[in-house]
Amino acid sequence: MTSALINLAAEQKSADVTDWAARIGWVVGLLLFVALVYWLMREGWKWRATLQGDLPELPTAPAEPGTPSLTMTGRYHGSTTAGQWLDRVVAHGLGTRSRVELTLTDQGLDVIRPGAQDFFIPADRLRGARLDKGIAGKVLAEGGLLVITWEHGGKQLDSGFRSDRAAEHTAWVEAIASIQAPAQAQHNENQTEGAR
C-alpha cells in the first residue's frame, strides 16, 4: 500500500505557473481598447458641436432681471432639438449635465449652472413647459422631468430639468404657461410693427 502511495505521489505534478506575460498583454490590450472607445466618443461629441456651430451664443441675464416668481434648485440634464428627445444639443455647453438654479421672472428664465455656462431665456422665447419622463440619456419615472421648450437662433429646443423636490414641477409648467402667452403676443406685435 505504501508503494501505491509513493507511485501516486510521483505521478502528481505541480500546478502550471501562471503565464504573466499573456495576462499583462490582455490587460494592456483591454486598456488600449477602452482608451480608443473614450477617444471616439469625445471626437463624436466635438463633431456634433461643430455641426451645431450655427447656433448663436447663449443670451445672458439682463442687469435688472425682475422680481422672481419661482425659484428651483436641482439638476440640468441637457437640451435637445424640440420634439426629438434623443437629438442632443451640445453647442455652447448645452450638452453638459450639471447642478442648476432656476429663477423665473417676468423677463424670462435665468439658468445658473455651477461649473457650466449660465444662460438666460427671455420670456418672449419661451414656448411652453411640460412634464416628461426622458431626455437624451436620462430616463425617469413618468412626470419626473420638467422639460422647457424655448427658441434660440431660429431653432426650438427642449431643456430638461429635475428639481430637488419633484412636486414643484407642476407649478413651473403653470407659471411658464402664464408668462409665455403675453410675452409671445408682445413678441408677435413687435415683429408685425417691424415689418411695416
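Which residues have the most contacts inside the largest nonpolar core? In this predicted model, they are L94, L102, L104, L109, F119, F161 and W172, within a core of 25 residues. Strands β1, β3, β4 (108-112), β5 (119-122), β9 and β10, together with helix α3, each contribute at least two residues to this core. The largest share, four residues, is supplied by α3. In soluble globular proteins, nonpolar side chains tend to be buried together. The surroundings of one core residue, F161, may be described in detail: beyond the residues up to four places away in sequence, F161 touches M72, R75, Y76, V100, L102, V111, L145, L146, I148 and H169.

The overall architecture provides the setting for this core. Three helices and ten strands make up the secondary structure of the chain. Their order along the sequence is α-α-β-β-β-β-β-β-β-β-β-β-α. The chain has 196 residues, of which 33% count as buried. Of the contacts between residues at least 6 apart in sequence, 61% join residues at least 24 apart. The exposed area of the chain is about 12,100 Å², and carbon and sulfur atoms supply 59% of that area.

Charged pairs were examined next. Side chains of opposite charge can pair when their charged atoms come close. Five salt bridges are found in a search of the whole structure. One of them joins the side chains of D164 and R99, with an N to O distance of 2.9 Å. This pair links distant parts of the chain, 65 residues apart: D164 is placed in the loop between β10 (155-163) and α3 (169-195), and R99 in strand β3 (residues 98-104). D164 is partly exposed because its relative accessible area is 42%, and R99 is likewise partly exposed, at 37%.

A salt bridge is also formed between E151 and R127, whose closest N and O atoms are 2.6 Å apart. Here too distant parts of the chain are linked, since E151 belongs to strand β9 and R127 to strand β6 (residues 126-132), 24 residues apart. With a relative accessibility of 25%, E151 counts as partly exposed.

A further salt bridge pairs D158 with R130, the closest N and O atoms lying 3.2 Å apart. The partners are 28 residues apart, with D158 in strand β10 and R130 in strand β6. The two side chains of this pair fall into separate accessibility classes. D158 has a relative accessible area of 3% and is therefore buried, the cut-off for that class being under 20%. R130, at 32%, is partly exposed. Salt bridges with shared partners join R130, D132 and D158 into one network.

Strand β9 (residues 145-152) also contains H152. A relative accessible area of 3% places H152 among the buried residues. A polar atom of the H152 side chain lies 2.8 Å from the backbone oxygen of P56. P56 is also among the residues in contact with H152 when neighbours within four places in sequence are left aside; the full set is L55, P56, E57, L58, P59, R125 and L157.

Attention was then turned to the surface. L30, F33, V34, V37 and M41 make a nonpolar surface patch of about 500 Å². Of these patch residues, F33 was considered individually. F33 lies in helix α2 (residues 20-51). The relative accessible area of F33 is 51%, so F33 counts as exposed, the class beginning at values over 50%. L86 provides a further case of an exposed residue, with a relative accessibility of 59%. L86 is located in the loop between β1 (70-81) and β2 (88-89). Although L86 and I135 are separated by 49 residues in sequence, their C-alpha atoms are 6.4 Å apart in space.

Notes:
Residues are numbered from 1 along each chain as its sequence is written. This is a predicted model: local features need pLDDT of at least 70, side-chain atom pairs count only at pLDDT 80 or more; totals for chains, interfaces and linings use all residues. Side-chain values use heavy atoms; hydrogens and water are left out. Buried means under 20% relative accessible area, exposed over 50%, partly exposed in between (1.4 Å probe, protein chains only). A polar contact is a pair of N or O atoms within 3.5 Å; within protein, one must be able to donate a hydrogen and the other to accept it, and residues adjacent in sequence count only if both atoms are side-chain atoms. Contact means heavy atoms within 4.5 Å. Accessible areas come from the Shrake-Rupley method with a 1.4 Å probe; for residues, only the protein chains shown count as cover. A salt bridge is a side-chain nitrogen of Lys or Arg within 4 Å of a carboxyl oxygen of Asp or Glu. Patches are made of residues with over 30% relative accessible area and no salt bridge: like charges are joined within 9 Å, nonpolar side chains (Val, Leu, Ile, Met, Phe, Trp, Tyr) within 5 Å. A nonpolar core is a set of buried Ala, Val, Leu, Ile, Met, Phe, Trp, Tyr and Cys residues joined through side-chain atoms within 4.5 Å.
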